[in-house]
Amino acid sequence: LLRTQHASRQTLKGRVERVKDAKGIFGVNREMVKRFNKLTPIVVIDDVITTGSTMKEAMDTLEDAGFEKVYGLGLAH
């Protein structure tokens with residue numbers, strides 16, 4: 001998973017703005033994707049989940065790349 005865009009800090013934004021800003025911020029390294037079995041479980045770890053928009057975007061990006069078992073883990077909410 002690669003961060004392709006860096007939006008400004010999310011902490012001072014409302015939910016609608018956070019969701020909008022999270023769209024399209026991740027990509028994948030296609031060469032690395034080829035090395036993994038699509039059934040290999042992938043766990044996305046985020047330090048803080050507020051609205052879940054960043055986590056959802058990360059997981060959606062991995063699922064769009066073909067991974068079938070993508071899970072999210074937040075350390076704080």
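A nonpolar patch on the surface of this predicted model is formed by Val43, Ile45, Tyr71, Leu73 and Leu75. Taken together, these five residues expose about 520 Å² of accessible area. Two strands meet the mark of at least two patch residues each, namely S3 (42-48) and S4 (70-76). The leading contributor is S4, which gives three residues to the patch. On the side of strand S3, Val43 is one of the residues to look for.

Strand S4 also stands out when confidence is considered. Among the elements of the chain, S4 has the highest mean pLDDT, at 94, while the lowest, 71, belongs to helix H1 (residues 15-22). Over the chain as a whole, the average pLDDT is 85, and 84% of the residues score at least 70.

Attention can now move from the patch to a pocket. The second largest pocket has a volume of about 160 Å³. Its lining brings together Leu1, Val28, Asn29, Met32, Val33, Phe36, Ile42, Leu62 and Phe67. By class, eight of these lining residues are nonpolar and one is polar, and no charged residue takes part in the lining.

Charged residues come into view with the salt bridges, of which the structure holds two. Side chains of opposite charge can pair when their charged atoms come close. One such pair joins Glu31 to Lys34, with 3.4 Å between the closest N and O atoms. Both residues belong to helix H2 (residues 30-35), and because they are three residues apart there, about one helical turn separates Glu31 from Lys34.

Technical notes
Residues numbered from 1 in each chain as written. Predicted model: local features only at pLDDT ≥ 70, side-chain atom pairs only at ≥ 80, totals over all residues. Heavy atoms only, no water. 1 Å grid on protein atoms, 1.4 Å probe; cavity = no way out; pocket = protein on both sides within 12 Å on 5 of 7 lines; lining within 4 Å. Points joined across faces, edges and corners; volume = space filled by probe spheres on them. Nonpolar A, V, L, I, M, F, W, Y, C, P; charged D, E, K, R; others polar. Patch = residues over 30% accessible without salt bridge, like charges linked within 9 Å, V, L, I, M, F, W, Y side chains within 5 Å. Areas by Shrake-Rupley, 256 points an atom, 1.4 Å probe, with all protein chains shown as cover. Salt bridge = Lys/Arg side-chain N within 4 Å of Asp/Glu carboxyl O. Helix = DSSP H or I, 4+ residues; strand = E, 2+ residues; numbered from the N terminus. pLDDT = per-residue confidence, 0-100.
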